[in-house]
Amino acid sequence: MRETWHSGDMRLTILGSSGSVPAPGNPASGYLVSAGDAPSLLIDMGPGVLAALQEVQDPTDAHVLLSHLHADHCADFPSLMVWRRFHPDAEAKSRNFCFAPSYAPVHLGRLSSDDPDGVDDMSDTFAFSPWQERVPELIDRVTVTPYRVVHPVETYALRVVENSTGRIITYSGDTAYTEALVDAARDADIFLCEATWGDSPQDKAPGMHISAQEAGEIATLAGVGKLIITHIPPWVDPERAVTAAGEYFDGPIIAGRPGMQFDL
Ligand SMILES: [Zn+2]
Ligand SMILES: [Zn+2]
C-alpha cells in the first residue's frame with residue numbers, strides 16, 4: 001500500500017469510532033495517521049483497537065498518541081506491551097514515542113503490572129513524553145500540537161499537520177464545547193470530532209462531551225473542509241447525528257466507521 005504513495009501523502013484510517021464503549025464490529029476510539037515510510041501515529045487505543053491495527057499494519061511500527069486516559073481511549077495499551085515485548089518473531093525492534101498526559105507512565109504502568117500495587121516500567125519499549133499545552137511536537141513528517149479541552153480528566157485535542165504539504169487533520173479527543181477546539185481545528189482539511197450526545201446537547205451533563213449540532217457549529221467557526229463525526233455510542237443513531245450537524249455546517253459530513261480511509 002505504502003509503495004504507491006507520493007511524497008507528502010498522508011492517510012487517516014479509522015480503526016474504531018465507537019464512543020465510550022466498544023460496539024459489535026466497532027472498537028472504541030482508535031485512529032491511524034500514516035505519512036510516507038515513517039512509523040504511523042496511532043491516536044488513542046480503546047478496547048478492540050489492537051485487533052483492528054493488526055489488520056492494517058505491523059502494530060510495533062507506530063508511535064502512540066493518547067488524547068486522555070479514560071479506558072475507552074487507552075485500555076488496549078497493556079496488550080500492545082505484550083505484543084511489543086513477547087511476540088515470538090515480530091516483537092518491537094526499537095523504542096517508539098508515546099505522547100500522552102503526564103501521568104501516563106504510572107497510570108498505564110499500573111494496568112500492565114503483575115503486582116497489584118506495582119507500576120510496570122515500560123521505558124524499555126516506549127519513550128514517554130507529556131503533552132504541553134499548545135507546544136508543537138515534530139514527529140517524523142508531521143507536527144502535532146495538543147490543545148487542552150474540557151473533560152473531567154486532562155484531555156487534549158490534537159492538530160496534526162503534514163510538514164511538506166501543510167495538510168491538516170484535527171482530532172477533538174473528548175470534550176465539552178470550547179473555543180480551544182475551534183483553535184485546534186482552524187482550516188483543517190479533516191475534522192474528526194466527537195458527538196457523544198447525539199443530535200442535541202439538551203439535558204446532557206455539562207463539562208463532558210458535545211453533540212453533533214455543536215460539532216457542526218465548531219466546524220463552521222473553524223472553517224474546516226470535511227467533518228467526520230465520531231465517538232458515537234452504540235445507543236446513539238449516527239445518521240440522526242449527521243443530519244443534526246448538517247444544520248450548522250455546509251460542508252461534507254460523514255459518520256466515521258471502522259475501516260474508512262481518507263487520503264490527503
Ligand atoms: Zn471517550
Ligand atoms: Zn473521555
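How many nonpolar, polar and charged residues make up the lining of the largest pocket? In this predicted model, the lining has nine nonpolar, five polar and one charged residues. The pocket itself holds about 170 Å³ of space. Of the 15 residues that line the pocket, N26, I232, P233, P238 and R257 lie nearest its centre.

Enclosed space was examined as well. Rolling a probe the size of a water molecule over the atoms shows where empty space is left. One cavity of 30 Å³ or more was counted, and the volume of the largest cavity is about 60 Å³. V33, S34, A35, A38, P39, L41, I139, D140, R141 and V142 form the lining of this cavity. By class, that lining comprises seven nonpolar residues, one polar residue and two charged residues.

The metal sites come next. The zinc ion (ligand 2) is held by three histidines and an aspartate, namely H68 through NE2, H70 through ND1, H151 through NE2 and D174 through OD, at 2.1 to 2.4 Å. Along the sequence, these donor residues follow the spacing H-x1-H-x80-H-x22-D. The arrangement around the zinc ion (ligand 2) is irregular because its four donor atoms subtend angles of 90 to 166 degrees, whereas a tetrahedral assignment would need all angles to lie between 85 and 135 degrees. For reference, the ideal angle at a metal with four tetrahedral donors is 109.5 degrees. Two of the donors can be described by their accessibility: H68 is buried, with a relative accessible area of 0%, while H70 is partly exposed, at 25%.

The zinc ion (ligand 1) is coordinated by D72 (OD), H73 (NE2), D174 (OD) and H231 (NE2), with distances of 2.1 to 2.2 Å. The sequence spacing of these donor residues is D-H-x100-D-x56-H. The site of the zinc ion (ligand 1) is irregular too, with angles of 89 to 164 degrees among the four donor atoms. The two zinc ions are 3.5 Å apart, and D174 coordinates both. Distant parts of the chain are linked by the pair H73 and D174: H73 belongs to helix α2 (residues 71-74), D174 sits in the loop between β10 (168-171) and α5 (179-185), and 101 residues separate them. Both H73 and D174 are buried.

S29 offers another view of this region. The residue is located in the loop between β1 (11-16) and β2 (30-34) and is buried, with a relative accessible area of 0%. Beyond its neighbours within four places in sequence, S29 is in contact with G16, S18, D44, M45, G46, V49, D72, H73, Y171 and H231. Among these contacts, D72, H73 and H231 are also donors to the zinc ion (ligand 1).

Finally, helix α6 (residues 212-222) is mostly covered, with eight of its eleven residues buried. Those buried residues are A212, Q213, E214, A215, G216, I218, A219 and A222. An α-helix has 3.6 residues a turn, so residues three or four places apart point the same way. The elements covering the buried residues of α6 include α5, β11 (190-194), β12 (226-230) and α7 (238-246). Just after α6 comes G223, which has a positive phi near 70 degrees.

How values were computed: Residues numbered from 1 in each chain as written. Chains lettered and ligands numbered in written order. Predicted model: local features only at pLDDT ≥ 70, side-chain atom pairs only at ≥ 80, totals over all residues. Heavy atoms only, no water. Donors = N, O, S within 2.8 Å, 3.2 Å for Na, K, Ca; no water. Tetrahedral: all angles 85-135°; square planar, octahedral: opposite > 155°, others 65-115°. Buried < 20%, exposed > 50% of the residue type's maximum accessible area, 1.4 Å probe, protein only. Helix = DSSP H or I, 4+ residues; strand = E, 2+ residues; numbered from the N terminus. Contact = heavy atoms within 4.5 Å. 1 Å grid on protein atoms, 1.4 Å probe; cavity = no way out; pocket = protein on both sides within 12 Å on 5 of 7 lines; lining within 4 Å. Points joined across faces, edges and corners; volume = space filled by probe spheres on them. Nonpolar A, V, L, I, M, F, W, Y, C, P; charged D, E, K, R; others polar.
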